[in-house]
Amino acid sequence: MEHIKLFCTCFFIIFSIIDIIGNAPIIIGYLKNGFKINVNQIIFLSSGIFLFFLFLGDYFFKIFGIDIYSFSLAGSIILFLISLEMILGINFNKIKKSAQISIIPISFPLIAGPGSVTTLISLTENYDIKIILLSLMINIIIVYFVLKHISFIEKKINNEYLNIFKILFGIILLSFSIKLFVRNICYIFNSEKIFNLIKP
């Protein structure tokens with residue numbers, strides 16, 4: 001019974017941080033603008049990123065002399081730019097309309113982003129690796145199911161509603177990116193140093 005409780009908690013933590021339901025309007029917005037996605041590639045790359053950081057994340061950061069907070073900080077800036085694209089209807093990276101966007105920004109940072117990667121690594125402190133892997137696998141299956149039917153969902157949502165959802169989730173993503181940015185700034189510099197930096 002305890003294992004089931006731990007699994008459910010772990011599963012919902014990963015589910016909430018990947019947030020494929022919240023990301024669906026973002027992906028639909030890209031499709032409406034003529035971009036292409038490869039579902040199998042997205043699943044393969046996202047799973048690879050998750051597993052890589054789950055097992056080798058600490059070694060990766062040590063090799064390059066960075067820490068997980070700096071990595072998350074960089075990811076928060078990418079999320080910030082994506083949210084501005086959604087809210088303002090602009091395109092920072094100037095991707096061609098016919099281009100695939102499976103790797104960036106869908107695989108990273110929307111699905112396997114800094115928030116989900118750092119959360120996954122932190123789960124190892126409190127959960128058995130088998131529970132984490134099972135929770136991750138089921139979440140990846142859910143992501144695959146949503147992406148596989150994204151075209152059907154797209155046809156059911158008209159442009160007016162899509163724009164509303166796009167702006168709404170853009171604001172949510174903007175808020176999350178700012179929260180992620182501030183939290184990791186506070187880890188990199190302690191709160192007292194930040195106060196001294198902004199003090200008049």
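Rings of Phe, Tyr and Trp, the last through its six-membered ring, are said to pair if their centres lie within 6.5 Å, with planes under 30 degrees apart counted as stacked, over 60 as edge-to-face and the rest as tilted. By this rule the count for the protein comes to ten aromatic pairs. In one of them, the rings of Phe53 and Phe61 have their centres 5.8 Å apart and their planes at 35°, so this pair is tilted. Another pair, formed by Phe60 and Phe64, is also tilted, with 5.0 Å from centre to centre and 50° between the planes. Ring pairs link Phe52, Phe53, Phe60, Phe61 and Phe64 into a cluster.

These statements rest on a predicted model, in which local features need pLDDT of at least 70 and side-chain atom pairs count only at pLDDT 80 or more, while totals for chains, interfaces and linings use all residues. Residues are numbered from 1 along each chain as its sequence is written, and side-chain values use heavy atoms, with hydrogens and water left out.

How the rings of the cluster sit relative to the surface can be described with three words: buried means under 20% relative accessible area, exposed means over 50%, and partly exposed lies in between, with a 1.4 Å probe and protein chains only. Phe53 is buried, with a relative accessible area of 9%, and Phe61 is buried as well, at 5%. Phe60, by contrast, is partly exposed at 23%, and Phe64 counts as exposed at 57% relative accessibility.

The overall architecture can be read in terms of helices (DSSP runs of H or I with at least four residues) and strands (runs of E with at least two), numbered from the N terminus. The secondary structure comes to ten helices and zero strands, and along the sequence the protein follows the pattern α-α-α-α-α-α-α-α-α-α. Of the 200 residues of the protein, 42% count as buried. Where contact means heavy atoms within 4.5 Å, residues 24 or more positions apart account for 87% of the contacts with a separation of 6 or more.

On the outside, the protein exposes about 11700 Å², of which carbon and sulfur atoms supply 68%; such accessible areas come from the Shrake-Rupley method with a 1.4 Å probe, and for residues only the protein chains shown count as cover. Part of this surface is a nonpolar patch of about 960 Å², made by Leu51, Phe52, Phe55, Leu56, Tyr59, Ile63, Phe64, Ile66, Ile129 and Leu133. Patches are made of residues with over 30% relative accessible area and no salt bridge, with like charges joined within 9 Å and nonpolar side chains (Val, Leu, Ile, Met, Phe, Trp, Tyr) within 5 Å; a salt bridge is a side-chain nitrogen of Lys or Arg within 4 Å of a carboxyl oxygen of Asp or Glu. Helix H3 (39-63) and helix H7 (129-148) each supply at least two residues of the patch, and H3 gives the most, with six residues. Ile129, which lies in H7, is partly exposed, with a relative accessible area of 32%.

Helix H7 also holds Asn139, which is buried, with a relative accessible area of 2%. Leaving aside its neighbours within four places in sequence, Asn139 is in contact with Phe11, Ile14, Phe15 and Ile18. Its side chain reaches the backbone nitrogen of Phe15 at 3.4 Å, where a polar contact is a pair of N or O atoms within 3.5 Å; within protein, one must be able to donate a hydrogen and the other to accept it, and residues adjacent in sequence count only if both atoms are side-chain atoms. In helix H3, Ser47 is buried at 18%, and a polar atom of the Ser47 side chain lies 2.7 Å from the backbone oxygen of Ile43.

Turning to the interior, nine of the ten residues of helix H6 (residues 114-123) are buried, so H6 is largely enclosed by the rest of the structure. Among the buried residues of H6 are Pro114, Thr118 and Ile121. Ile68, in helix H4 (residues 68-88), is in contact with Phe61, Thr118 and Ile121, neighbours within four places in sequence being left aside. Ile68 and Pro114 are 46 residues apart in sequence and 8.9 Å apart in space, C-alpha to C-alpha.
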